[in-house]
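Student: Could you take me on a close look at one part of this structure and show me how it connects to the rest? I'd like to follow it step by step.

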Amino acid sequence: MKDDITTHVECISENKSFGGWHKQYRHHSSVLNCSMRFALYLPPDAMLGEKVPVLYWLSGLTCTDENFMQKAGAQRLASELGMAIVAPDTSPRGEAVPDDPEQAYDLGLGAGFYVNATEAPWREHYRMYDYVVEELPALIEGHFPVSHHRAISGHSMGGHGALVIALRNPGRYASVSAFSPISHPMNSPWGQKAFEAYLGKDRGTWENYDASMLLRGVEQPAPALVDQGLADEFLERELQPQALESAAVANGYPLTLRRHEGYDHSYYFIASFIEDHLRFHAGHLGIR
């Protein structure tokens, strides 16, 4: 497919994969006030001009757009199903973008947490929530052969982001799934550190980005699938899936939470069950 959007985004790499194309693009984000990169897999149907549904994938701490696309093995089934996949970066980047002064992996670059920061120095750039919900889909749907039928998924920090975004935007996503999500970030060291830095000390504002808190009040639920490995080193301290499960039970939310013996936090876990997630989303997107 010939790109006709050179004035808006720049294609920086492309690889044919299972009859479709994996491409990386760079564009200027007005929301994040910096240059951003995203990856896009277009299945063969899209290459022929058919508008296809799209799955947005949000990655975890320290990741970029490349981790999922290179390690999850999702392209074969996405090609078969006729599903596009979009994987944004995990945070704004660039010389002007602030980073954690101690260069810790869990704050700053690679650790945007999919929130809209309100505190200095983060608020000028760290608005990943608006970027994922509004700016990036508008760009994708305006320039590529994808439909307005969307699903969302993610891993760890990205699983937190996927759940929060789906819960706060009823009707926007047909379904949501997550691998090893940070389910109750208000109660986890990762979440507490990020939320205090990005959002300030008022814990009342933190609830807007905590899936276990949001899930209790959702009235228009999107079906949710969550997979968690029981050999995950972050399970009890950071991830706390039991909080998500309790909130779902209390609200009668359609959550399927599966626990898997022996699986850890890595992409070996994701690759083992990604087919289940793609088929789950395909069913709710109305595709084969």
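Tutor: Let's start at Tyr253. Setting aside its neighbours within four places in sequence, Tyr253 is in contact with Leu167, Val176, Leu215, Val218, Pro221, Ala222, Ala224 and Ala248. Keep in mind that you're looking at a predicted model. Tyr253 is also one of the residues with the most contacts inside the largest nonpolar core, along with Phe38, Phe113, Ile152 and Tyr198. That core has 71 residues. Its largest share, eight residues, comes from helix α4, which covers residues 128-143. There's a second, separate core as well, with 24 residues, including Tyr41, Trp57, Ala74 and Leu77. As a bit of background, nonpolar side chains tend to be buried together in soluble globular proteins.

Now go back to that contact list and pick out Ala224, one of the partners of Tyr253. Ala224 belongs to strand β8, residues 224-229. How many of the six residues of β8 are buried? Six of the six are, so the strand counts as mostly covered, with buried meaning under 20% relative accessible area. You can check this face by face: Ala224, Val226 and Gln228 are buried on one side, and Leu225, Asp227 and Gly229 are buried on the other.

What does β8 pair with? One partner is strand β7 (residues 176-179), which runs parallel to β8 and is joined to it by four bridges. Within that pairing, Ala178 stands opposite Val226. Another partner is β9, again in the parallel sense, this time over six bridges. There, Gln228 has Arg259 in β9 as its bridge partner. Then there's helix α10, which lies across β8 and β9 and runs at about 150° to β9.

Arg259 is worth a second look. Besides being the bridge partner of Gln228, Arg259 forms a salt bridge with Glu245, where the closest N and O atoms are 2.9 Å apart. Arg259 sits in strand β9 (residues 255-260) and Glu245 in helix α10 (residues 241-251), so this pair ties together parts that are 14 residues apart in sequence. Are these two buried, or partly exposed? Arg259 is partly exposed, at a relative accessible area of 39%, and Glu245 is partly exposed too, at 30%.

Let's zoom out to the whole sheet. It's an open sheet of nine strands with mixed pairing, in the order β1-β2-β3-β5-β4-β6-β7-β8-β9. The edge strands, each pairing on one side only, are β1 (9-17) and β9. From one strand to the next, the twist averages 20°. Look at β4 and β5 in that order: β4 (residues 52-58) and β5 (residues 84-88) run parallel and are joined by three bridges. Leu55 has Ile85 in β5 as its bridge partner. Remember α4 from the largest core? This helix lies across β1, β2 (20-29), β3 (34-42), β4, β5 and β6 (146-155), and runs at about 145° to β6.

The salt bridge we met at Arg259 has company, as the structure holds 17 salt bridges. One of them is between the side chains of Glu275 and Arg76, at 3.4 Å from N to O. That pair links distant parts of the chain: Glu275 is in helix α11 (residues 267-285) and Arg76 is in helix α3 (residues 75-81), 199 residues apart. Both ends are partly exposed, with Glu275 at 34% relative accessibility and Arg76 at 39%. Arg76 and Glu275 are also linked with Glu80 and Arg279 in a network of salt bridges. For a contrast, try Asp89 and Arg93, whose side chains meet in a salt bridge at 2.6 Å, N to O. Here Asp89 is buried, with a relative accessible area of 5%, whereas Arg93 is partly exposed at 27%.

Finally, the chain as a whole. Its secondary structure comes to eleven helices and nine strands, and 59% of its 288 residues count as buried. Among contacts with a separation of 6 or more, 71% are between residues 24 or more positions apart. The radius of gyration is 18 Å, which agrees with the value near 19 Å for a compact globule of 288 residues. Along its principal axes, the C-alpha trace spans about 50 × 40 × 35 Å.

Technical notes: Residues are numbered from 1 along each chain as its sequence is written. This is a predicted model: local features need pLDDT of at least 70, side-chain atom pairs count only at pLDDT 80 or more; totals for chains, interfaces and linings use all residues. Side-chain values use heavy atoms; hydrogens and water are left out. A nonpolar core is a set of buried Ala, Val, Leu, Ile, Met, Phe, Trp, Tyr and Cys residues joined through side-chain atoms within 4.5 Å. Buried means under 20% relative accessible area, exposed over 50%, partly exposed in between (1.4 Å probe, protein chains only). Helices (H or I, at least four residues) and strands (E, at least two) are DSSP runs, numbered from the N terminus. Contact means heavy atoms within 4.5 Å. A salt bridge is a side-chain nitrogen of Lys or Arg within 4 Å of a carboxyl oxygen of Asp or Glu. Two strands pair if DSSP finds at least two bridges between them. Axes are lines fitted to C-alpha atoms, for helices over the stretch in contact, and angles run from 0 to 180 degrees between N-to-C directions. The radius of gyration is taken over C-alpha atoms; the globule rule is 2.2 Å times the number of residues to the power 0.38.
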